[in-house]
Structures are given as C-alpha cells and as structure tokens.
Amino acid sequence: MRKPDYTRRVAITGLGVISSVGNGKDAAWQSLVEGRSGIGEITRFDTTPYQHKAAAEVKDFDPAQYMNFKDARRTDTTVHYAVASAKQALADSGLEITDQNHYDVGVIYGSGGGGQGLFISNQELWHSKGARSVSPFFIANGLVDASSGTIAIETGAKGHNFCPVSACSTGTTAIGEAAEAIRRGDCIAVIAGAAESPLLELVHIGFSNMRGMGSPLPGQPITTVSRPFDKTRDGFVLGEGGAALIVEDLELAKARGAKIYAEVVGYGSAADGYDMIAPAEGGEGSARAMNMALERWGVPAEEIDMINPHGTSTPMGDKRETEAIWTVFGKHTPDVLISATKSLTGHMMGAAGAFEGMATVLSVYHGIVPGTLNYREPDPECNLNVATETIERPLRYALSNNIGLGGHNAALIFKHYAGD
C-alpha cells in the first residue's frame, strides 16, 4: 500500500461495455454518434397484459465468450454483463494483472438490484418442482456483490474490492470511489463500473404500477418512448447491460505507455434526505453533488462544456435536474451542451452511471457530443441547451450526473488529456 497523495492524478485507460446499443466500446460509441436507438419491443416475456411494451435489450450476447460455461449457468445475467465489460476494459487498457501487481489492482463494481433474476427463477423452481430443485449456488451468485467478487476471481485482481449500491447512481459512485481509492494509495488501478439486468416481468410490473414508465408518441415508432427534457416526456423505459472503466494512476499509466482517454478530476456524492422516489425540491441534492465535484479539485464551472445528465424522461425528474443544473452553472448554463444518452439506451438502472461515464469519457476523448434522440418540443421548465444532433467540438471538461431512488446523487468530471 502506498501513502495517500490527494494530488495524485487519475486516468481512464480502458473501456468495456455490453449494452442495447452495442457490445464493445466501439460499437456502442458508433451507435451514440449515429443516433441509433437500442429500444424496441420486449422479447423477454409476453407483454400482452401490459400497457408498456418497450425496453432496451442487450442483443447478440453470449456469456460463454467471457466465462466458463458451467460458471455462466450458475450466475445471474447481471454477472455475465459485469465480467464481459470488465474483461473488455482490461484488454482495451493493456493492463496485465500478474503475481507482482495483483494485490494493487482493485475491483469496485456495483449493481442496483444484483441477481434478482436468479432469485425469481429459483423461487419458481421451488414452487413447481420442490425444494430439492433449488440451486445450492443461487444465494452466493445472486448477491449484489456477486459481480465484484466474480470479476476478481476471473481476472486475478486481489486488491481493494467492494460493491457500491446507490440505486441509479451506482455506476457513477463506483467510478468516483475508484479514483478516491487510487488517491488514498489503496490501489494503482481499479476495475470500476456497474451492471444491471432488470428486464424481468415482476420488475416491469412494479415500475409500471409506480407510474414511472413512458409511452411512445402517438403514431410514432417505439423508439420515441424516451424523450429526455422534451415537453411531451411521460416516463422512462427500462434498459440493461454493464460498463467497466479501468481507473488508473496517471503516472504509472504513462510509464507503461497506456492510452489515456481522459482524467478523472471531480467526484461528488450527496443525499436528498427527502423521499424514496421523488427528487428533492429544486434538485437540491443533485446540485450539491455537482458542486462538490467542481470544488474538490478546483474545476471552474464555466469550463464545463458538456453534461451527460441523468435525463430519465420523467416529467418531475428532468425538471428537478434542470433546476439543479441552473443552480450550479447559473448564467453559464445555456453554454453547456446536454447529451442525454438515455434517449438511446433507456434507463440501465444501476448500470446507467457506468455507461454514461464511459460515454462522457469518449466524448471528451473524441471531441464529440452525441445528440439527444426524440428532443422535438422544448419545455420552458427544462430550459437547457439540449444537443439534438451530434456535434464535433473540443471539450475541456465534461460532467456525468446521476440521481437515484432513495435520493442518492453522484457526479463525475472528466478532463481532456492533451499529454504532458
């Protein structure tokens, strides 16, 4: 373990993703840039009895490409997405985990719900075939921390390891805590991210009964169901997948010749302490998280060029986030480009912040702001500079923001790395 050094610089050196818009960072990024939606008709279960038919499903994914077939059978789909994204990110980074460094490489990889599907399927087996049919492996592999544990087993990373759970802010929290672990000296690198597999009939029913899910525009394709910040928005759509980022000590990354996608220069976390579902008045908790991210490392608010917002397409959620952004950025707000990628991916729940963190890193790296799909009718209550088309422009700093059920707020700031 090294001594803490809070001036230590932290880089993103590897990216991996399994998502409805593509498996692998290049495929997913191309979809975002080209505005190709991952939303379609639900195929995982019969939606005939239900009003809402849309979801953003992962396609063409085989866990056996990343895990032993027997292990894949014992684990939940959430773990499959986690392991795949982690192995992709490691390969992309070129970081090798060896007997010489395995105690210094950590895993901070979360999930909002973990192996819910594994629990449901074993309960069904119990009811239909009896107690002896229940898998002896389902408890260990259905825990929320099964992803972080399995990633460590699969990659050999034996350092700092835990599973953050902060609802829809989980992925953002994981990346931020990974950066903090490196500055504290706990690790030289961390596999950070989150995965979620919420496309289960019971979960669908629960969110529908909560009245949080949206519908496509009348007479329009199902891909119009997610309309962040648009005046016609009426709810979110469930998505799934996982994303991983290799968060690494910048100097050590440079020494081994790694590609530097961006630097992590801000992280903030704050609670609403208000309600389990509704966001606080004025987006107060979210504003504090963003301000904390700015102030922690002295990033000027006026130099933030882009925000990938939480932007779920819910009437109150988008309004409160808009209020939070105006509180933090004031007169600079109209200059900040908004790239709401949930318009393409749906809401990946605990994995949302990990995917959006990855997308924000690639925006900074390439100097490209993906457009927000389905933004057609501006809402005076969401008076933000929403990018409707993909825009190419240099980005100094970009912020990724998330707001979770229970009032969990988290924000990350990424800086363009020009080399030094």
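A residue is termed buried when its relative accessible area is under 20%, exposed when that area is over 50%, and partly exposed in between, with a 1.4 Å probe and only protein chains considered. The structure is a predicted model, in which local features need pLDDT of at least 70 and side-chain atom pairs count only at pLDDT 80 or more, while totals for chains, interfaces and linings use all residues. Residues are numbered from 1 along each chain as its sequence is written, and side-chain values use heavy atoms, with hydrogens and water left out.

By the accessibility criterion, Cys163 is buried, with a relative accessible area of 17%, and Cys382 is likewise buried, at 1% relative accessibility. With a disulfide defined as a pair of cysteine sulfur atoms within 2.5 Å, the structure holds zero disulfides. Cys163 takes part in no disulfide, given that the nearest cysteine sulfur, which belongs to Cys168, lies 15 Å away. For Cys382, the closest cysteine sulfur is also that of Cys168, and the separation of 18 Å is too far for a bond.

Helices (H or I, at least four residues) and strands (E, at least two) are taken as DSSP runs numbered from the N terminus, and two strands are regarded as paired if DSSP finds at least two bridges between them. Strand E8, comprising residues 241-249, is mostly covered, since nine of its nine residues are buried. Strand E1 (residues 10-19) runs antiparallel to E8 and is joined to it by nine bridges; within this pairing, Val10 has Asp249 of E8 as its bridge partner. Strand E7 (residues 189-196) is also antiparallel to E8, with eight bridges between them, and Ala192 is there matched with Leu245 of E8.

Side chains of opposite charge can pair when their charged atoms come close. Under the definition of a salt bridge as a side-chain nitrogen of Lys or Arg within 4 Å of a carboxyl oxygen of Asp or Glu, the structure holds 22 salt bridges. Asp249, the E8 partner of Val10, belongs to a network of salt bridges that links it with Arg2 and Arg8. In the salt bridge between Arg184 and Asp186, the closest N and O atoms are 2.8 Å apart; Arg184 is partly exposed at 26% relative accessible area, whereas Asp186 is buried at 18%. The salt bridge of Asp234 with Arg227 has an N to O distance of 3.2 Å, and here Asp234 is partly exposed, at 32% relative accessibility, while Arg227 is buried, at 2%.

A further salt bridge joins Glu323 to Arg320, with the closest N and O atoms 3.1 Å apart. These two residues are separated by about one helical turn because they lie three residues apart in helix H11 (residues 315-329). Glu323 is partly exposed at 24% relative accessibility, and Arg320 is buried, with a relative accessible area of 10%.

Patches are composed of residues with over 30% relative accessible area and no salt bridge, like charges being joined within 9 Å and nonpolar side chains (Val, Leu, Ile, Met, Phe, Trp, Tyr) within 5 Å. A nonpolar surface patch is formed by Met210, Met276, Ile277 and Leu405, which together have about 380 Å² of accessible area, as obtained from the Shrake-Rupley method with a 1.4 Å probe, where for residues only the protein chains shown count as cover. Within this patch, Ile277 is exposed, at 52% relative accessibility, and is located in the loop between strand E9 (262-271) and helix H10 (284-296).
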